[in-house]
Structure formats: C-alpha cells, structure tokens
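Colleague: I'm new to reading structures, and I'd like to go through one with you. Could you take me from feature to feature?

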Amino acid sequence: MRQMPMRLGPRPHELIDRDSRFTFTWNGASYPAYRGDTITSALAAAGVRVFSRSLKYHRRRGLLTADFNDPGCLVEVDGEPNVRGSHRLVEPGMAVRAQNAWPSLRHDVKAVNQLVGRFLPVGFYYKTFIAPRRLWPLYERVLRRFSPGGPVPSPDARGRYDQRYAHPDVVVAGGGPAGLAAAVAAAAAGAAVLLVEENHRLGGHLRWSDPLALGPLLDAVVARPNIEVLTDAVVTGRYDGNWLAILHRGAPGVVERLVKVRAAQLVVAPGLIERPYVFAGNDLPGVMLSTAARRLLNLYAVRPGRRAVVFTANADGDAAAAELVAAGVDVAKVVDARAGGDIVRAHGRGRVRAVECADGSTVDCDLLVTAAGWTAPTALLSQAGDRPTFHEGAARFVPSAQLPDGVLATGGIAGDGSLAELLAHAEAVGMVAARRAGFGTTAVPIPELPIEPHPALFRSSTHGIVDFSEDVSSKDLAAAVDEGYDSIELAKRYTTATMGPAQGRLEAVNAIAVVAAATGRGIAATGTTTARPPYVPVSLGALAGRRYQRVRHTPMHSWHERHGATPLVAGTWIRPDHYGDPAAEVLAVRNGVGIIDVTPLGKFELRGPDVVRLLEQVYVNRWAKLAVGSVRYGVMCAEDGVVLDDGVTGRLGEDRYLMTTTSTGAAAVERWLQWWLQVQRPDWQVRVTPMTDAYASINVAGPHSRALVARLTDVDLDRQSFRYLQVRTGPVAGVAGCVLWRIGFTGELSYELHVPAGYGLAVWERLLERGADLGVRPFGVEAQRILRLEKGHLIVGQDTDGLTQAHGAGLSWAVKADKDDFAGKPELGWQRDRGGYPRLVGLQPVDGTVVPTESSQIVEASPQGRRIVGRVTSSRMSPTLGRSICLGYVAPHLAAAGTRVTVRLPDGREIPATVTPQSAHVDPDGTRLHA
Amino acid sequence: MGMALRYRQRSSRRRPARYSAMSLVRHGLSGAAWPRVWRHHELRPGYDVVIVGGGVHGLATAYYLAANHGTTNVAVLERGYLGGGGSGRNTAIIRSNYLTPEGVRFYDRSVHLYSTLAADLNFNVMFSRRGHLTLAHSDSALRTMRWRAEVNKLHGVDSEVVDPAEVAALAPRLDTSANTRYPILGGLYHPPGGIIRHDAVVWGYARAADAHGVHLHQGTEVVGIDVAGGAIRGVRTNRGSIATPVVVNCTAGWSSLVSELAGVRLPITTLPLQAAVTEPVRPFLDTVVVSGTLHVYVSQTDRGELVFGAAVDPYPSYSTRGSLEFTEGVATNVLELMPSLASLRVLRQWAGLCDMTPDYSPIMGRTPVDGFYLDVGWGTYGFKAGPVAGETMAELVATGSTPDLIAGFDLARFAEGRMVGERGAAAVGH
Amino acid sequence: MILLPCPHCGPRNTDEFSHHGEHGERPDADRVTARQWRSYLYLRRNQAGWTTELWLHGAGCGRYVLFERHTVTNEVRAAHSTGGR
C-alpha cells in the first residue's frame, strides 16, 4: 500500500477528513486519499511531482497553482478528458490518467521535441511543410499526433445535464471575504441574493490565510434565508442586459447545470489571482506559487517539498515562507524582491534541484516558491463592457472608475487594504447593489480602497515560460514581436499564447508585459486581448440542458402509427408518407375512393367587413365577386414578385371566410396578413383566427367520394347543388360545425372536410368504416404528391424556389394586373416585360420507364461542353399512366410545347424528354374534377 | 479606363526571406532573427489605390494588384490589426459546392487559388482538404443537395449525394439512426472542401504584398472620403489625409458606413455571426459537417478543438459580444447530431459581423462614384472567396474591365431586378 | 438575451419576438419607378446607432411593434405600437 510521505499531521483548518480514507488509481497504480483531497493534493501527499507533459516540448509539468487554473494538472478521469486535477475532488475508485503522454508520463516519446526545440521555434509550421503539396496530409497526420487533448468520450457516453432559472435581485460572483460581506449586506437590505463560489467551500483566501476571521462571515451568510449559496459554481458569462450564465458543477444528480439569471445587479468579487514569474526553468516540477504552497500546507496538510527557496515581493510571500518553516520545511533562502533580490534560473531536469539567484548564489532545493504579484481577474467586468486600466504603481490592471450600469466590483479586484477595510468596502457595495435593485433606502457612500504599490515583476533577466498550457515562452513572444507580429492580438494569434484552457487568466498579463517590453510601448499602451465568455469552460450538455424538440401530431396520428404508416418529417409535423404501397394508394383514389389526413394545412378564419380588401391585397387574383358558398384558388406573392404561398379560400358567410395555405407556409402567411392589417392598413377591420390546429382536415378523393361523404352528412351533395369550387357547412358524422368544400389538388372528384379537431379521429374512422364496401383506403403524402403531379399542380417550395416569380411558375393566368395595389404587382409587371426567366413546364421523358431524379439538370451543348438550361423539380412514376411524369424549369427558348430537351441524370446518362402542351398529364380537361 | 499613375515613388519592393525546412535549420543553428513579415510605413500624401480594410479581401486585392498587374503604389488601411475583422473570426471553411453555375465557377477558382496559395505566397496556410459534408434531414433538403451536386459535377467540381450509410462512414459519431427528431436522409459530400488556418492566409498575403512594396497601415481608420465631380479625390484618416483616384471598399461589417462616406447606399444589413470552440480532444472528426435543418456546422482542428458555427443572429447589430442563446442553440444542435459529446466543454465564443445582401451574393465592382469600387456584401461566405475576390478586383481596378467571373455581382443588379440565383438554396451557407 | 419593452406586455426576452426590418414608408406602388420601388425593397441605412425597426411579438401579444434600438449597445429607448387594434 502506497504511503503519503508528504502528508503532514492534522492542520487546524484542513479540508480533508482523516476518518475517511480510500484509494484511487493514477495511471493504473493505486494511491491513497482522504475525503476532501483534490486529485493533485492526494498525489502530492504521496510524493508524486509530475502530472503531465507540456504541449509542444513534452516537458514534465507539476503543480503550479493548486487551483482550478493549474495548467500542468489537466488529467483524464474515468474517461472524461481535460479534468482540472487541482480542483476536482477525489472519489473512491476513481481512475485518473495522464493526458498527452505516450507511452507513459515517465518516458514520453514526444519529449524528443525538446532536443529539436531550437529548430521548431514558435510558428515554425507556417515556415515549412509548404512543399511538396501532396505531402501536406501526411504532415498533418503527424501534427495531429501531438494534439494536446484528452480522449474522446466513448460513443455511448450519455450524462445527465440540466438548466435552471433563478430570480435573485443581486448576484455576487465570488465567495471570499468581500463576496460574503457584500452578500450579507445586500440581503440585510431585503434583496434576494445568489452567492456563487468557484471552490467547494466558501471563504476564498481566508480559508488558509486567516480561517478564524472566516467564521463570523459564514455564520452571517447562513443566518440569512434570502441568500442562496452555490459552491463549485462560477458566473461564467455576463451578456447584454445583465443576462448571466452560471455554471453549477456541484449540483447533485447532474454532471453540470446551467443556471440562468437576469440580475438587477451583479457584484463581481473574484479576489486576485497570483501571477507566475517568468524565468528560466520556471516550469520545472517543484516551482510553484506562494498560494499553491499555502493551500497545500493548510487545506490539504501536504508538505510541498523538503528544502525550499522562496522568492517574495509581498506579505503573502512572506507568510508562505513562515508557514513552510512552521511545517518543518527547510527554507534555505528567502529572496526579497523589495530589497532588490531576484531569481535568475531554476536548475534541474524533470524537477527543480537548485535555484540561481541574481546575487550570484546558487541554492540546492527541491521547492521554489514565488510570490511575484497579482492579476485582477477582470474578464467578467470586460464582458460587461468595462475597459480595465493598468495601474503602474501596483503593477496590475484594475477596473475602470466608471463601471457599466448594473455591475459593481469589490474585494481584491477593486483595491487593497486591511481585511477590515475590504469588508467595509464590500458591505457598502452590497448595500448599494441592493438599493439599485430597489431595496433599502439609505444612500451609502462606497469608501475608497487604497491601491498599494507592488514591484513590477513580470520577467526576470532570463527567458521562461509565459503560457504553460500552450508552451509559449517569453522568448517566443519577443521573437514574434521582432518578426512583425507586434501588437498583442497578432502576437497572441501567432504564438497561441492565452489561447489555452486558462484563456489568459494566468498568463495574459505576463504576455502583455513581454510584448510591451519588446515593442517599447509599455503595458498600458499595449492593452489587452478581448475577454470573451465563457469565463470558465462549460459543457455542451449544460448548454443544451434537457433537450426538447417540438413535434406536432394530428388527431389521427395514433391511427396512422397503428396502421403501418411510414412517418414523414414535414417541418414540425409528423405525417404519414404512405401505408406500404403508395402506387396502390394512387390507383385507389383514381378508381375508387381514398382519404388523406391533411390537418397540417394552414387554415385561417377571416371575419369582418374588410376581408375582401385583405384578400385583394395579398392575393394576385380577384376576390371581390366571390359569392357566399364559393371557393377560389389564390396565389400570394411577396413584394418582389416571388411566389410566397398558394391555397384556396372560401366564403362561408357574408363576412366569414376560411383561408388555407401550405402547411410549411402557414406561420409566414399569418405574419404577412398581420403585417398588412397592423402596419399598412390599420383602418381595415379584419379578424384573423388561426384554425390550423382547431380543425382536423380530411380530403376524401375519388369517383366514389360523393357516395361516401353522403353517408356521413345530410348536406346536399347533388352535383348541381354543390359544384366544384363551392363550400358548405354542416354536420359530418354527427359532428356539428364542419366545413366541406370541393377542390381539386388530386384531380379527382373530392371533398375536403374540416372537422373540429377533437372529433378528427372519430370522423376518420367513420369514413373508413362506412366506406368499406366502396373500397376506401387511406393514402399518404407520397400518393398525394403523385396524384397532384399527374394533374400538373405545382407545390410552392418544390416547384418554386426563392427566386421564382408568378409568371415563371406558369401562374400568369392568376395575376390580374388591372387590380389596384396588391403585393407583388409592380415587380410582376416589370419582370414580365423584361422576360428571360425560366418557365415551369410539364416534361415527358421519351422513355417512360426512366424516372429522372428530382433536381436532375436540363442541359444543352455549348462550346465548353454543357450549359445548364433548366432542371427537373418534380418527378415520379405514374401508376395511372404507367410511365414517368415530371415538372421542371426550362429556359424560355425551350418552353414551347413539343420541344425536345435533354435531361442529365446523376449517373451521367443523358435522356430526351418532351415539353408537354399543358402540365396536367391526366385528365387535362378536368372532367373528373367537375363530376 | 486605365489608371493614371500620378504618384511615382521610389519602390518599396524587397525580397523577403524564403521560408522552408532548410531555412528553419539554418536559423536554428545560427540563432539569427527572422526578418519582419511586413513593415510599418508613414502615410504617403497620395497613393494610386487606397484599399479600405486589411482582411483577406483587402490584402489579396493589394497583393494581386502588385503581383499580377505591377500596381504597387497601393495602401491598405486597416483601423485595427491586420485580419482583426471577419478574417480573424470565421470558422475557416473552404468549399465550392454552390448552387448556381456562376457561384460554382467563382468559388471553384478560389479553391484552386487556395490549393496553391502556400507555395505561391511561401507561407504555410495549412489548407486541410478533408472533405465537406452537408446533411439533409428532409426530402426538400435532399433535393437541394442533388441540385448542387448536379451543377457541381457539370462544372468539374467533385460533389455527390451520399446515403445515410456513407454519412455514417464519413463521420462515425453522427447519429444516423431513425430515432432522432430530424433523421439524416443523406448528404452532399464534397471531397475537395476543408478548413484552413485563416490567420495564416492573412499573414501570407500581407507579407507577400509588403514584399511587393504595398504599404500596410494598421491602426488607420478612414473617417472621410472626398468626392468631387462624381469622382474620388482622396480619403481622410485618423493619421492624415491621402490623395487618391481609387478607393476600394473591402470591409465587412462596416461596408455600409464606409460606402456612405462616399455617398453610396447599399442593400446591406449587418448581422452578427457567432462561433465557439471547445477544449481539445483527440482528433476524431475528419470531415467538416454542416446541417441545414439544424443550422449548425462542426469541424475539428489539428489541435483537436471542435469549432462550431450556426446561422446569423436573428436580428441585426454591430455587437461582437455574443449571446448565450447562441451557445445554447449550437450545443443543442451539436448534441442532436452527436449525442456522445455532451461532456466536451466550450472554451470560448466570439462573433464577427456579416453584411447580408438580398440574394446571398456579394456586391463587387463599380459604383456611381468614379473610382469608388466595392468588394462587399460577403455575408457568411467571405473568407472562402478571399483569393478570387482579390484576383478579380485587382483585374478590374488595374485594367478597367470587369472580369466575367464577377459580372453578375454588380451593384446595379438590385435596381435592375437581376438577383443572383444562390438565393434558391436552403442550407445554412458556409 | 436582451429585453424588449413591448408596449402591450412589458419587458420580455427577445426570443419571444421576430425582427422585421428597418422601418420605412411603403411607397405608392402605382406612382413609383422600378428604381424607386427597388430602393424601398433593398436599400438600407444599416446604421451603427439608433435605429427604428419593426418587431413582431409572436410569442406574446401578436402585435407588430416599433422599437428604437441602438445597434451597437442593444439598448432600447422607445417603443411604439403600430396602428390598429
């Protein structure tokens, strides 16, 4: 059983539970851990120092920050890639593996890169692999071998994710001392507060620096029922209107949860992030930040090393040195930057073994702790539109003096000072946030926080790693600048610095400092790269939540399913494509009677004295003389003349009309009608009621349709009383309020029944029951397509496209140019005059056994080979005629009846086809329709 | 109309260092610094041609003016950093599987130029031709795929309709079962398509243009365009004024505002187009996958990051701040296609600005103002056209005659009712 | 997700609305030349600033509404009902 040689005795405020000890595996070997350990704290306790290999040079990497951002500690956990090993808590039996090292972490073959490093400067791939071109795919395969990523999730991977809306008045991002104080103050004023903390516990740096001071703050939070606390959670995006995306990793029962909030006020209190120092060897295992050493010592009772050198420029570095001594670490040397000291180089291969200082001394050690300064994590403020400014004296960026509306900042990000001063500031900010959100009446001034001077320590006199994840050194950045990539944006893109997992949190300021020095422009003038959401990475699962996709079923859907219908996805609807034999369904309609569920048809009831005006406006044809009880086919065009939709509209009463549209066009037509009524003609009195879902619609078609419908209604169906293109209302199968009309999409005698939806299934079943002796059978969308094609009827959206205007679609007969203003009128006139547009015609392949694939092109010979002069838009084998039939577009010079055209099939064969005199292949005179 | 070369200046030509594996070895051994990729210049009082916009279009135009036509007294004015606009924000998809003969010819020329660009510019642009797959989830989408395939094949461009089994073989992670809300019925497979390193294209053109003596001015914003007697006289910038007879508007996102400075109004609406990238995982997706119905496209870089895009935002704006609705929508649609990827994490989102025209086609060529040329309206398809746009605009500006390839993209077409046929297409266009 | 202040329903999330273009006067189709008509159809101001535009509150009151929105910051400073009931 492995021991924990680096584990210390109990520490007063440690997070580990020594009563709960278990094992997990690291690269297949078993290691011990306590409940409360992170993956790296447990491994560090066991003496493990190396956790990964760097991206490009495959150098060994260890623990640097001991927090979420720790760049060398991305590991694979139970198949999950890119897990932050210094943040994720260990679980019993967890299987952890190193990423990006082969065959093992110890002996990584790709470490050969280090040897050839001088020949592989940053951006080297832009300068090579240029020729020969045919080898680029091979080079690419090699480059992909070096991809830094973790394993792809298994194809069966499924996890539970969800989303939630929360409605606090004030969101506090950060649960350190300032965040706690601000939350308590806002809650005390009456605001509902959501307090979001990145770590597993509240407290921020107080957890290890001053745990006693933490107690009362935590008690105050617990005492307020109007503070909701989320831990292992981060405000990861602040969007327009203070729309916040909060990633909650620690939600029980789900992998991740996205919490969405429209906050009246956002208080940003993320503290400060410690910044690494850039010097030769700064990425060796054993080199770490002072906050990392203190976290290990105080939270996890882990000794970070045996013999240390401490480089300090501030009180936190001093405290780290003292705590190391108290824990029994031999602190061999403390280099004080405030006294002019500096470290120059960390020596060692695979881990730090000695540190060379600026004063000439070299000290043996296995641990180098640096406290070189702080970076304000201003990304969330920048997302809100703030442009942080660089404070020269404090050597860090600070929020600007005027934050955007709805956003406040407190804690270390806003300034320095004693704990008491920071708490007083935070309390005032909390009260102001509450007040701005409408709670509390006292106007409280926010005290000024001092910003204390700090040595400007970015890079020593040697070059070292700036971006640990991307393996970009200060030398790389300086070289990029020298080469001409001399702005922070160009240098970033060329070197990929700040483009790794930390997205700049750890490395941006050092990168800026190096670029600023190389250009001579200074940090303030160099500026920053743009902070973008998410602040921390969010899973696709959490972003998608529990995915719901809308689907619409007709009342007869269950019947279709039970009777073997093949489903067709038609927009949001599921429709029956056929019931096993579409050709037989076609013949049943032509010879007997068939019924089809056409409920998805768009339907609108129009009422009011001005309905006719509306119809005249939106349709290209005339409506003024439409009598009560009559129906007309209409075409709608857009203002540019393009065919928008078609359908029939019937007049049911004096001021009552029923308009139908295509199923896919229904929503757009509704918006169109309302645009005319609300925006252009607000004086017209028309009421539009969508009826698509209110009516189930059934088309009963075929020579026996009259006989069948007559059995279900006492509406007079006599062929003289109820003619083609007329409408009646009355009961069907005992259901009142039905609409029946005679229209002719299929070209047969047919009645379209609109039945109140709740009775749709009953009427459907009745028809089938009562028509059994007539041979009634259901037919689906495929059969209907064949039937309408046999009659040459176009389908808007299939036989028309985004450019087809009415004349080209053969609808000139419908366009009544002498009408007053109607949608499309001027364009239709000009386009007709201009001519030259393709024409929709019926096409008959000479060989009737060949059914051209839809979208086959119509071609003619040209000097270059072939010129496209049209295409087939609809094509089927006609069961009625026993041969193939088509609709398609041809150039005007080919549109005359009888013209021979050439259709090029997808397999390259070219077959002849003839333009038919009219588009209807079956019953062109329409006798069956008028039966 | 030829070009009056009014400002004879001493040439700024120079020969840049040659990039190659040998040069890497030499520099590695000697430790010598690489020469600058492009130089900084003072603004001249006048140039023969001023190009507004330092993205791939502007830089390519400048390069071809110099390389193909010997016109080197050219200034490219970029208000930010080179390639900081659309060129730095797109998802770098290259393809030519368009709907119309004009479109196919045009984009195919661009693909051809891209295929030799690394050698031509001596800069590795990393064009990875791993194939482009557009999924069809309905029979109307399948019909449109077939339409595109047939037009492509007739013009010698490799595209073919594939069935669900072939789709599954091309992208094994896709859910091609019938159990999804929008089952995949097939797709349009275009082997010559792929992805490229978009920044490298910008840098390659910039370096080559600079070598020819073109002046690249970053941090230089055009604040006014001087027009007199219906012709261009010069431009005013934040760094001073320039006299010139020719101004080429190669901006994206700002084209309406720049054109307004010259008194030209455009049929353009600017909408954000957002994109996002995940953390890297081991390469598993070789093809670029696009779904028209789900309005999403996915590709994987050599580093292993997945790059996502979708359709433009639902309302116009000049904001590149991005929205949560975008990442939510894209995540939903990616997981519809590949449900096993739920644990992958989005690392960053961003947006660029797209100038949308009424017929999904660019506006290239002359304007009513003499000497003011447009290369705008590039919507969501601008980056893939960079080389051919540069080549044809350079030809127009240098010779005065409009190349056939772009004749249909003229500004006058809107007033004359001659829309380009690409509007017929359905899928999200990338 | 920005909020749009619907004059009928109060501030609602944008995903309840659809955008329908810059507001412009529809010319009299009978009196206009082709060039003028097509200017109405296609030309846009496309300003980076305050724009008056038409939206439809489809998932709410179903009314077309005019908003004055700043196309850079996405602030909305005014909302007007269109005519009609």
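**Reading a model, piece by piece**

Modeller: Let's start in a loop: B:A92 sits between β2 (74-77) and β3 (93-94) of chain B. Keep in mind that this is a predicted model.

Colleague: What is the phi of B:A92, and is B:A92 buried or exposed?

Modeller: Phi is about 60 degrees, a positive value although B:A92 is not a glycine. With a relative accessibility of 6%, B:A92 counts as buried. Chain A offers another case: A:A66 has phi near 55 degrees, again positive in a residue other than glycine. A:A66 belongs to the loop between β4 (60-61) and β5 (74-77) of chain A, and its relative accessible area of 8% makes it buried.

Colleague: Loops can hide odd peptide bonds too, I hear. Which residues does a cis peptide bond join?

Modeller: Look at A:P533 and A:P534, where omega is about -5 degrees. You'll find A:P534 in the loop between α14 (523-526) and β30 (538-539) of chain A.

Colleague: On to helices. How should I read one?

Modeller: An α-helix has 3.6 residues a turn, so residues three or four places apart point the same way. Now take α19 of chain A, residues 666-680: its 15 residues reach 20 Å from the first C-alpha to the last, close to the 21 Å expected.

Colleague: Why is α19(A) said to be largely enclosed?

Modeller: Eleven of its 15 residues are buried, so the rest of the structure largely encloses the helix. Among the buried ones are A:W672, A:W675 and A:W676, along with A:Q674 and A:Q678.

Colleague: And strands?

Modeller: In a regular strand the side chains alternate between the two faces of the sheet. Try β37 of chain A, residues 656-661, which is mostly covered, with five of its six residues buried. Strand β34 (602-607) of chain A runs antiparallel to β37(A), joined by six bridges, and A:R607 stands opposite A:R656. Strand β36 (643-653) of chain A also pairs with β37(A) in the antiparallel sense, over four bridges. There A:G650 has A:L658 as its bridge partner, and a hairpin of two residues links β36(A) to β37(A).

Colleague: Which strands make up the closed barrel?

Modeller: Six strands of chain A, in the order β44-β47-β46-β45-β48-β49, with antiparallel pairing. On average, neighbours in this sheet are turned by 45 degrees against each other, direction ignored. Helix α22 (781-790) of chain A packs on the sheet and touches β46 (865-878) and β47 of chain A, its direction making about 115 degrees with that of β46(A). Five bridges join β44(A) to β47(A), one partnership being A:L843 with A:C886.

Colleague: Where do the nonpolar residues gather?

Modeller: The largest nonpolar core has 109 residues, and A:F24, A:W26, A:L540, B:L174 and B:L341 have the most contacts inside it. Helix α8 (324-337) of chain B gives the most to this core, seven residues. Click on A:L540: beyond its sequence neighbours, its contacts include B:F308, B:V334 and B:L341. A separate core of 81 residues includes A:F129 and B:L65.

Colleague: Last one: how do I describe an interface?

Modeller: The size of an interface is often given as the accessible area lost when the parts come together. Between chain C and chain B about 1900 Å² is buried, with carbon and sulfur atoms giving 52% of that. In chain C, C:Y42, C:L43 and C:N46 lose the most area to chain B, together 32% of what that side buries.

Conventions:
Residues numbered from 1 in each chain as written. Chains lettered and ligands numbered in written order. Predicted model: local features only at pLDDT ≥ 70, side-chain atom pairs only at ≥ 80, totals over all residues. Heavy atoms only, no water. Core = buried A, V, L, I, M, F, W, Y, C linked by side-chain atoms within 4.5 Å. Buried < 20%, exposed > 50% of the residue type's maximum accessible area, 1.4 Å probe, protein only. Contact = heavy atoms within 4.5 Å. Expected span 1.5 Å × (residues − 1). Pairing = 2+ DSSP bridges. Axes fitted to C-alpha atoms, helices over the stretch in contact; angles between N-to-C directions. Buried area = accessible area lost by both parts, 1.4 Å probe.
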